[in-house]
Amino acid sequence: MLRFLVTRFLWMVPSLFVISFLAFVLIQLPPGDYVTTYIATLAASNEIVDQNQAADLRQRFGLDQPMIVQYWKWITGILLRGDFGLSFEWQQPVSELIWERMALTLVLTFSTLLATWAIALPVGIYSAVRKYSIGDYIATFFSFLGLAIPSFLLALVLMYLAAVEWGQEVGGLFSEKYQTAPWSWGKVVDLLWHLWIPVIILAVSGTASLIRVMRANMLDELNRAYVTTARAKGLSEFRLLMKYPVRLALNPFISTIAWLLPNLVSGSIIVAIVLSLPTAGPLLLQSLMAQDMYLAGAFILLICALTLIGSLISDILLAIVDPRIRLE
Amino acid sequence: MTGSNVVLEVKDLVTHFPTRTGVVKAVDGVSFKIERGKTLCVVGESGSGKSVTARSILQIVDTPGRIVSGSMMLHRPNGSSVDLATLNPRGPEIRAVRGAEIAMIFQEPMSSLSPVHTVGDQIMEVLRLHLKMSKADARARTIELLKQVEIPNPDRAIDRYTFEFSGGMRQRVMIAMSLACNPSLLIADEPTTALDVTTQAEILDLIKRLQQRHGMGVMFITHDMGVVAEIADDVLVMYHGKVMEEGPVDRIFHAPQDAYTKMLIGSVLKLERKADIRLKRAPIDEKAPPVVEIKNLVMHFGSGNNLVKAVDDVSLSVRPGETLGIVGESGSGKTTMGRCLMRVYQPTGGQMSYRRADGSVVDLVAADKHKLRECRREIRMIFQDPVGSLNPRMTVAQIIGEPLLVNEIAKGAELDDRVADLMRQVGLEPAWRERYPHAFSGGQRQRIGIARAIALNPRLIVADEATSALDVSLRSQMLDLMMNLQDKLGLSYVFISHDIGVIRYMCDRIAVMYRGKVVETGETEQVCDAPNHAYTKALLSAIPRPDPRARRMGQRHRYVA
């Protein structure tokens, strides 16, 4: 086990190195750079920037150097000083921009996850145990409905309902009053008050697919011989369900952690934009469009690191939960 | 009135399975009694309803099955009685009976235990549930139970998982679990069917001793008449959900009344000696050069510490028209040997000289692709599982015709004729050609497999446990068919089986395999009646004979390598 962990960690180093390089190359691939985009924006508002000024800007940002040099400066900055560079567009250090958004994204994602599991797992179990009952059909109907509705549409509808019918302030995660205020008890309450709409929207499609997966997993397990054995021991139906088939049906979910973490950053961008949430997704999109390469690079590096960490965590958890899996 | 010794009294039990095409009467008016300290064996072929009867007693019949009528009186030692049929299948009363007063063990010890819970956890659960024991007490009792079923190092075994145990050990764990609350009745549903004969003998022995110690009644479900003769006090013969005959074991075996029982006992006894066709046949020409000569065949899997010598320096030969039986327990390498012969596996070393019809000799180990392809037309295989070895999406005609088609031997109308002819040869109606495999019974499916194997006019057929999945009454029919085809087509067989009865019935010579090595070869009679090697002796002594007057579990030898 320990040897497995050490080798896995050691493998992560070259992986991250390669990934960071690829990410950097990919960001540079589209024609032009941040200065081109910047000039284009200025030109849109009828300001003319001449070639000298552009060259000046490029030199200041270090964009005139060969790519490999730029990469070297970037990666050594991260490794030696924890400096992710400067966002061109925001004129702020990247790290300052990212962390607050990441924290809010974390809050949102985990609330969504809790809501999803809290609804989907019991419904999925019920649906499997009472296969082809009225309850199963109702759950199946709603889960297909939830799968079919695009989440941005649901976001628009809910926003309309909340704003027009119930007179609630929608959009964002904070009221104006708390937008820039330092953290306080009031701000936390305000956050919770704003959180439910995005949580519902994001949870709907996740819940729907999770119900289907849980139902299918459970149906596989329910006919296993060990369930009959447990019944022959005299266990009550509920206890034996929870202890045997549910326990085994949950195993596949642990492996989903691997893609849950990277989803923190890149998931649900459209909903976040529609609801103008201050999460990581919209910022990533914007930085890519503006060719704000250090900001985009930091995000992509983060996604990759989270993917690697996520799969490591789910491997370890799987080995703990399922004794048949040996890490060697 | 019933004596005080009766534990369970079942009267006119009827269990139905409503399906889309109508009601299946799985159990149709079954009555019997089980006495304390006695063993009732329920025998019958697959689909006879013996398992459903057992499950009905505990009301754990799989959905959509349900008990329609009948009574099942459980007589408790304190004199009170309860009718199990009237209890709610989910209610607390029946749950208090399950696992405590009536315990059950199942056929597949691997899948019947949860793979993700420790053995101890699963046994302690019963103790804590029924006897309300504390954790520490339950643990101590579990260790004691594991010791009773002779699991080595019980205080360490308790924290291990099922996959860390062998099949026999897992079944011991199941038994320990069922004994946890000292039940008055133990229901064993084919508990030894998935096990090797030597392991089976040990498990039967264990159940017997525990029964004597605890004085419980045992209801033992099996299709193996040898096991019945060995352990039964009374026998219940079932067929299509009905009781055909019931009585003391000696009467069932030596003076059966019912026609079905007679047929069942007859087909078992038939496999106790050599087939009539073989006794009548002229002896095989010993000087004829062998069809296949295997020399020092070696097949290794894995490497380093995980090296498995599946086949370890095996030398054998098969003469034309001869049947060579290969017998051994699971893990002895007999199946691997068969697959090497087909070159499904690339052997690690050795020689397999195959003599073709024109007299030329090909070494199958070294043969190139082209040569191998030609030889494979002449060496065919019949598999154990008649369900898994037929493609469910192909019709019978397609399955049987496939080898002819892919080898470009026949097509169109000629192919149709050949397929019809092959079907007639194995006793199938050519009119069934458009049906799919699921429409056939197990025996018929195996006939399809045989027709496919002889389609290319082969010279050698490797049959790997070809009759193991079939009921006894079908087994001798299938073997007779194979021998008829052998004489008609001049085939040689390599017949792989763990069932010494089948081997003795049909084979001319036997090779006994143990841990990858051939420990003994010889004429069938010599090996079966006067074995030389200690392992062969142990193996033969572990096989229960279908005669209750010749019980011999007690005089079994054990072989320790």
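Student: Which strand does strand 4 of chain B join through three bridges, and in what sense do the two run?

Tutor: In this predicted model, strand 4 of chain B is joined by three bridges to strand 5 (residues 81–83) of chain B, and the two run antiparallel. To place the register by eye, begin from Leu74(B), which stands opposite Val82(B) in strand 5 of chain B. The hairpin that these strands form has five residues between the strands, and within this hairpin Gly79(B) takes a positive phi near 100°.

Student: Which other strand of chain B is joined to strand 4 (residues 66–75) of chain B, and through how many bridges?

Tutor: That partner is strand 1 (residues 6–19) of chain B, which runs antiparallel to strand 4 of chain B and is joined to it by seven bridges. Here the register can be read from Val14(B), which stands opposite Ser69(B) in strand 4 of chain B. When following either pairing, keep in mind that side chains in a regular strand alternate between the two faces of the sheet.

Student: What is the strand order of the open sheet of six strands in chain B?

Tutor: The order in this open sheet is 6-7-8-3-9-10 (chain B), and the pairing is mixed. Strand 6 (102–105) and strand 10 (242–248) of chain B are the edge strands, each pairing on one side only, while the twist from one strand to the next averages 15°. At the edge formed by strand 6 of chain B, this strand pairs with strand 7 (residues 185–189) of chain B in the parallel sense over four bridges, and Ile102(B) stands opposite Leu185(B) in strand 7 of chain B. Helix 6 (residues 167–179) of chain B packs on the sheet, where it touches strand 6 and strand 7 of chain B, and its direction makes about 170° with that of strand 6 of chain B.

Student: Which residues touch the most other members of the largest nonpolar core?

Tutor: As a general idea, nonpolar side chains in soluble globular proteins tend to be buried together. In this case the largest nonpolar core has 196 residues, of which Met219(B), Ala451(B), Phe495(B) and Val512(B) touch the most other members. Its largest share, eleven residues, comes from helix 8 (residues 185–222) of chain A. Because domain 1 (102–180) and domain 2 (276–392 + 457–533) of chain B both give residues to this core, it lies between them.

Student: Leaving aside neighbours within four places in sequence, which residues is Met219(B) in contact with?

Tutor: With those neighbours set aside, Met219(B) is in contact with Ile34(B), Leu40(B), Val42(B), Ala54(B), Leu185(B) and Ile187(B). Apart from this core lies another, of 25 residues, which includes Ala23(A), Leu63(A), Trp74(A) and Leu295(A).

Methods
Residues numbered from 1 in each chain as written. Chains lettered and ligands numbered in written order. Predicted model: local features only at pLDDT ≥ 70, side-chain atom pairs only at ≥ 80, totals over all residues. Pairing = 2+ DSSP bridges. Core = buried A, V, L, I, M, F, W, Y, C linked by C-beta atoms within 7 Å. Buried ≥ 20, exposed ≤ 12 C-beta atoms within 10 Å, placed from the backbone. Domains from an automatic or database assignment. Contact = placed C-beta atoms within 7 Å. Axes fitted to C-alpha atoms, helices over the stretch in contact; angles between N-to-C directions.
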